[in-house]
Amino acid sequence: MEQVTLKVSGMSCGHCVKAVEGSVGELQGVKKVDVDLAKGIVAVEFDGKLVSLEKIKETIDDQGYDVN
């Protein structure tokens, strides 16, 4: 398992948290997603053999948030 913490801007409410956690959490190979709204970060634990970091970033971007 790999772990990454991404800086994400544009998240401002509980809906944002659910949108990111829900969409990233549905990706095959993602084990855990934790959003820290106050810090603007998303911590993801995933299997790099099943899903790429780029796919995770793309999924967050598709929800309307910017991955820095």
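This is a short talk on how the strands and helices of one predicted model fit together.

Okay, hi everyone. Before I point at anything, keep in mind that this is a predicted model.

Let's start with the sheet. What order do the strands come in? Reading across, it goes β2-β3-β1-β4, so to speak, four strands in an open sheet with antiparallel pairing. Now look at the edges: β2, residues 30-36, and β4, residues 66-67, each have a single partner strand, so one side of each has no neighbour in the sheet. If strand pairing is new to you, strands of a sheet pair through backbone hydrogen bonds, and they can do that either parallel or antiparallel.

Next, the pairings themselves. How many bridges join β1 to β3? There are six, between residues 2-9 in β1 and residues 41-46 in β3, with the two strands running antiparallel. You can find a couple of these on screen: Glu2 has Phe46 in β3 as its bridge partner, and Leu6 sits opposite Val42 in β3.

Then over to β2 and β3. They pair in the antiparallel sense too, over six bridges. Try finding Val33, which stands opposite Val44 in β3. These two strands, β2 and β3, make a hairpin with four residues between them. Look in the turn for Gly40, with its positive phi of about 70°.

Right, on to the helices.

What does α1 touch in the sheet? Helix α1, residues 14-25, packs on the sheet and touches β2 and β3. Its direction makes about 165° with that of β2. Helix α2, residues 53-62, also packs on the sheet, touching β1, β2, β3 and β4, and its direction makes about 30° with that of β1.

And how do the helices sit against each other? Generally, two packed helices are described by the angle between their axes and the distance between the axes. Here, α1 and α2 pack at an angle of about 140°, with their axes 9 Å apart. That makes α1 and α2 oblique to each other, and their crossing is right-handed.

Which residues meet there? From α1 we have Val20, Ser23 and Val24, and from α2 we have Ile56, Thr59 and Ile60. By class, that contact has four nonpolar residues, two polar ones and no charged ones.

That's the tour, thanks for listening!

Conventions
Residues numbered from 1 in each chain as written. Predicted model: local features only at pLDDT ≥ 70, side-chain atom pairs only at ≥ 80, totals over all residues. Heavy atoms only, no water. Pairing = 2+ DSSP bridges. Contact = heavy atoms within 4.5 Å. Axes fitted to C-alpha atoms, helices over the stretch in contact; angles between N-to-C directions. Parallel < 35°, antiparallel > 145°, perpendicular 65-115°, else oblique. Left-handed = near helix turned anticlockwise from the far one by under 90°. Nonpolar A, V, L, I, M, F, W, Y, C, P; charged D, E, K, R; others polar.
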